[in-house]
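Q: Please take a close look at one part of this model, the largest pocket, and set it in the context of the rest of the chain. What lines the pocket, and what surrounds the elements that supply the lining?

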Amino acid sequence: MELKMDVAALNAFLRREFAQVADMFEVIEAGAETVIRLRVDQSHLRPGGTVSGPSMFALADVGIYLAILSRIGPVALSVTTSATIDFLRKPLAGIDLLARVRVLKLGRSLAVGDCLIFSEGEAEPVARASMTYSVPPR
């Protein structure tokens, strides 16, 4: 598998193209598995002392998007066309979340990715997501 964007390039792309959320996310690894961090703060918490579903969904969406870009290069107009997320257990409040992402299929017009989300330092996932993206013609 050839990477077209490494960790530094993905983080730079995020800061340049999506500055509105770039402070929330950080690419930690790029390769067969891409790992993205959500820097959890008060804005991500919901009543009951847990990370909100929308915050976990955003992590999955950004994570799979960036994993696909690591393979195809900086194609900003790739868009989500289908998404499924399963919330498995309560994430720990005040602890960053890590998304471990695999690109399952990379075709000419569609890409499919799978993501497991963990509270950092924990062995059991808190959520699982699968998403399909439309990739514009190259």
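A: The answer below starts with the chain, goes on to the pocket, and then follows single residues. The model is a predicted one.

The chain holds 2 helices and 8 strands. In sequence order they follow the pattern α-β-β-β-β-α-β-β-β-β. The radius of gyration of the chain is 14 Å, close to the 14 Å that the globule rule gives for 138 residues, so the chain is as compact as a globular protein of that length. Along the principal axes, the C-alpha atoms fill a box of roughly 45 × 25 × 25 Å. Of the 138 residues, 43% are buried. Among contacts with a separation of 6 or more, 62% are between residues 24 or more positions apart. The exposed area of the chain is about 6900 Å², and carbon and sulfur atoms supply 53% of that area.

Now the pocket itself. The largest pocket contains about 170 Å³ of space. Its lining consists of Leu14, Phe18, Gln20, Val21, Phe25, Asp61, Val62, Tyr65, Ser78, Val79, Thr80 and Tyr133. By residue class, the lining has 8 nonpolar, 3 polar and 1 charged. Asp61 is the charged one, because Asp, Glu, Lys and Arg are the residues that count as charged. Helix H2, residues 53-72, and strand E5, residues 79-87, each supply at least two lining residues. The largest share comes from H2, which gives 3 residues.

Helix H2 can be followed further through three of its residues. Phe57 is in H2. With a relative accessible area of 30%, Phe57 is partly exposed, because that value lies between the 20% limit for buried and the 50% limit for exposed. Beyond its neighbours within four places in sequence, Phe57 is in contact with Ala83, Ile85 and Met131. The C-alpha atoms of Phe57 and Arg37 are 13 Å apart, with their positions 20 residues apart along the chain.

Ala58 also lies in helix H2. Ala58 is partly exposed as well, at a relative accessible area of 24%. One link to the pocket can be given as a distance: Ala58 and Phe18 are 40 residues apart along the chain, and their C-alpha atoms are separated by 13 Å. Phe18 is one of the lining residues.

Ile72 is the third residue taken from helix H2. Its relative accessible area is 10%, so Ile72 is buried. Setting aside residues up to four places away in sequence, Ile72 touches Lys4, Ser78, Leu106, Val135 and Arg138. Of these, Ser78 is also named in the pocket lining. Lys4 is 68 residues from Ile72 in sequence, yet the two C-alpha atoms are 6.1 Å apart.

Two residues outside helix H2 complete the picture. Leu97 has its place in strand E6, residues 97-106. At 0% relative accessibility, Leu97 is buried. Not counting residues up to four places away, Leu97 touches Ile36, Arg37, Leu38, Val40, Val51, Met56, Leu59, Pro91, Ile117, Phe118, Ser119 and Val126. Met56 and Leu59, both among these contacts of Leu97, fall within the 53-72 range of helix H2. Ile36 and Leu97 are 61 residues apart along the chain, with their C-alpha atoms separated by 8.3 Å.

His44 sits in the loop between strand E2, residues 34-38, and strand E3, residues 45-46. Its relative accessible area is 3%, so this loop residue is buried. With neighbours within four places in sequence left aside, His44 is in contact with Met24, Leu38, Arg39, Thr50, Val51, Ser52 and Ser55. Ser55, one of these contacts of His44, belongs to the 53-72 stretch of helix H2. Leu38 and Val51 are in contact with His44, and Leu97 touches both as well.

To return to the request, the lining of the largest pocket takes 3 residues from H2 and at least two from strand E5. Elsewhere in helix H2, Ile72 is buried, whereas Phe57 and Ala58 are partly exposed.

Terms used: Residues numbered from 1 in each chain as written. Predicted model: local features only at pLDDT ≥ 70, side-chain atom pairs only at ≥ 80, totals over all residues. Heavy atoms only, no water. 1 Å grid on protein atoms, 1.4 Å probe; cavity = no way out; pocket = protein on both sides within 12 Å on 5 of 7 lines; lining within 4 Å. Points joined across faces, edges and corners; volume = space filled by probe spheres on them. Helix = DSSP H or I, 4+ residues; strand = E, 2+ residues; numbered from the N terminus. Rg over C-alpha atoms; globule rule 2.2 N^0.38 Å. Buried < 20%, exposed > 50% of the residue type's maximum accessible area, 1.4 Å probe, protein only. Contact = heavy atoms within 4.5 Å. Areas by Shrake-Rupley, 256 points an atom, 1.4 Å probe, with all protein chains shown as cover.
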